[in-house]
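Reader: Here is a model that I would like to go through term by term. Please set each value against its definition.

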Amino acid sequence: MTRKFNFSAGPAALPDEVLQQAQRDLCDWQGKGLSIMEMSHRSDEFVSVAHQAEQDLRELMSIPDHYKVLFLQGGASSQFAMLPMNLLRGKQTADYINTGIWSTKAIAEASRYCSVNVAATTEAEHFRRAPTPAEIQLSPDAAYLHYTSNETIGGVEFNYIPDSGSVPLIVDMSSDILAGPLDVSRFGVIYAGAQKNIGPAGLTVVIVREDLLGQTLAGTPTMYDYKVHAEGESMHNTPPTFAWYLSGLVFDWLKRQGGVTAMAEVNQRKAAKLYAAIDRSDFYANPVAMDSRSGMNVPFTLADAALDKLFLQQAEEAGLLNLKGHRSVGGMRASIYNAVPEAAVDALLTFMSDFETQHG
Ligand SMILES: *Cc1c(COP(=O)(O)O)cnc(C)c1O
């Protein structure tokens with residue numbers, strides 16, 4: 001078996017060790033004679049797996065006790081609606097920062113439930129940077145401030161936590177959760193689809209401050225009420241058991257790597273050498289402002305777009321998969337999440353340098 005290097009934006013690479021563990025467990029989980037997928041979510045076995053995963057995530061992110069951790073379905077996209085439904089709490093306005101495609105989608109969905117004040121946007125500059133703190137204009141009557149810490153498509157990441165004043169700060173952290181240490185106490189809600197930097201698709205992690213629960217908008221579906229899931233320990237209905245289990249294996253793997261501080265060091269090295277190589281050459285380019293460059297998703301273009309197809313084809317032959325940029329922006333994108341080893345970035349750099357020598 002040869003595992004290639006996978007730069008997919010999502011569903012994305014998973015650690016080899018985790019997949020091997022899942023393979024060993026698959027048909028016969030811990031000698032029980034059945035797989036984890038075939039068990040009741042209410043069985044002692046699954047409940048212990050679920051609790052361990054939550055405990056490990058709490059430990060990795062130092063999540064304070066007055067936050068609930070929810071393991072939900074529906075993707076980050078469902079959170080775009082679930083958030084205003086739970087967090088407006090009687091108000092009619094919410095502040096949103098717009099830094100790209102995912103923020104734009106969050107704004108569009110929230111606009112169905114409230115009036116959205118765009119507190120800052122870099123759209124006029126084609127979303128090539130995050131706004132500065134001074135550019136963020138909060139409205140006096142907003143229920144919360146929402147932002148996207150890492151725009152997965154544009155490769156734009158905040159290098160600071162915005163100040164939301166007296167209202168809760170909400171973040172879509174789908175593509176950079178667990179990339180490094182974070183002060184969870186700064187946030188009202190942190191949410192992330194699992195398939196970027198956590199585990200397989202099908203699971204959405206929501207970390208919510210307890211005092212924000214229980215004031216949903218009239219007509220909110222039961223399944224969209226955070227409090228229902230918090231009280232049911234994410235088992236109000238059948239949770240995505242396999243994705244939860246597999247994410248638990250990833251949390252355990254992260255702990256063995258030295259946790260998020262150790263990951264942040266490796267991630268920083270991976271991103272720094274990739275951007276340095278792009279900046280050094282006239283053949284490759286990245287349009288994002290230096291201080292807003294993503295540590296997770298690195299989009300880049302070739303000087304001659306006519307070579308894109310050949311680049312992708314030869315990259316694939318060299319064992320470097322899924323480097324094609326998002327359909328809306330073209331070019332290339334290397335997603336270098338926690339599970340993408342430094343050796344993958346080194347192999348990509350060698351390939352890029354050889355390709356430039358041949359075609360530059
Ligand atoms: C992928 C992504 C989403 C959408 O996630 P789904 O789980 O597909 O709904 C939302 N926000 C960000 C930042 C993403 O990267």
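Reader: What makes up the shell around the ligand, by class?
Author: The shell has three nonpolar, eight polar and two charged residues. Ala, Val, Leu, Ile, Met, Phe, Trp, Tyr, Cys and Pro count as nonpolar, Asp, Glu, Lys and Arg as charged, and the others, Gly among them, as polar. This is a predicted model, in which local features need pLDDT of at least 70 and side-chain atom pairs count only at pLDDT 80 or more, while totals for chains, interfaces and linings use all residues. Residues are numbered from 1 along each chain as its sequence is written, and side-chain values use heavy atoms, with hydrogens and water left out.

Reader: Which residues surrounding the ligand are the closest?
Author: The closest are Ser77, Thr152, Asp172, Gln195 and Lys196, and 13 residues surround the ligand. A residue is near a molecule if one of its heavy atoms lies within 4 Å of it. Helix 3 (residues 75-87) gives the most to this shell, with four residues. Helices (H or I, at least four residues) and strands (E, at least two) are DSSP runs, numbered from the N terminus.

Reader: What lies 2.6 Å from a nitrogen atom of the ligand, and what makes it a polar contact?
Author: A polar side-chain atom of aspartate 172 lies at that distance from the ligand nitrogen. A polar contact is a pair of N or O atoms within 3.5 Å; within protein, one must be able to donate a hydrogen and the other to accept it, and residues adjacent in sequence count only if both atoms are side-chain atoms. At 2.6 Å the aspartate 172 pair is within the cut-off, so it counts. An N or O atom in the side chain of glutamine 195 is 2.9 Å from an oxygen atom of the ligand, and a backbone N or O atom of alanine 76 lies 3.1 Å from a ligand oxygen. The protein covers 87% of the 390 Å² of accessible area that the ligand has on its own. Accessible areas come from the Shrake-Rupley method with a 1.4 Å probe; for residues, only the protein chains shown count as cover.

Reader: Why is threonine 204 called buried?
Author: Its relative accessibility is 0%. Buried means under 20% relative accessible area, exposed over 50%, and partly exposed in between (1.4 Å probe, protein chains only). Threonine 204 therefore counts as buried. The residue sits in strand 10 (residues 204-209). A polar atom of its side chain lies 2.9 Å from the backbone nitrogen of glycine 75. Not counting residues up to four places away in sequence, threonine 204 touches ten listed residues' worth of partners, including Leu70, Gly75, Gln79 and Ala192; contact means heavy atoms within 4.5 Å.Reader: How do you know that asparagine 286 is buried, and what does its side chain hold on to in terms of polar contact?
Author: Asparagine 286 has 11% relative accessibility, so it counts as buried. Its side chain makes a polar contact with the side chain of arginine 293 (3.2 Å). A polar atom of the asparagine 286 side chain also lies 2.8 Å from the backbone oxygen of proline 299. The residue is found in the loop between strand 11 (284-285) and strand 12 (297-302).

Reader: Is glycine 33 buried or exposed, and why?
Author: Glycine 33 has a relative accessible area of 58%, and is therefore exposed. It is found in the loop between helix 1 and helix 2 (44-61). Leaving aside neighbours within four places in sequence, glycine 33 is in contact with Cys27 and Asp28.

Reader: Why is arginine 89 called partly exposed?
Author: Its relative accessibility is 27%, which lies in the partly exposed class, so the term applies. Phi of arginine 89 is near 45 degrees, a positive value in a residue other than glycine. Arginine 89 is found in the loop between helix 3 and strand 3 (93-98).

Reader: Which residues have the most contacts inside the largest nonpolar core?
Author: Leu178, Ile207 and Tyr245 do, in a core of 53 residues. Helix 6 (residues 241-257) gives the most to this core, with nine residues. A nonpolar core is a set of buried Ala, Val, Leu, Ile, Met, Phe, Trp, Tyr and Cys residues joined through side-chain atoms within 4.5 Å. Apart from this core lies another, of 30 residues, among them Met332 and Val340.

How values were computed:
Contact means heavy atoms within 4.5 Å.
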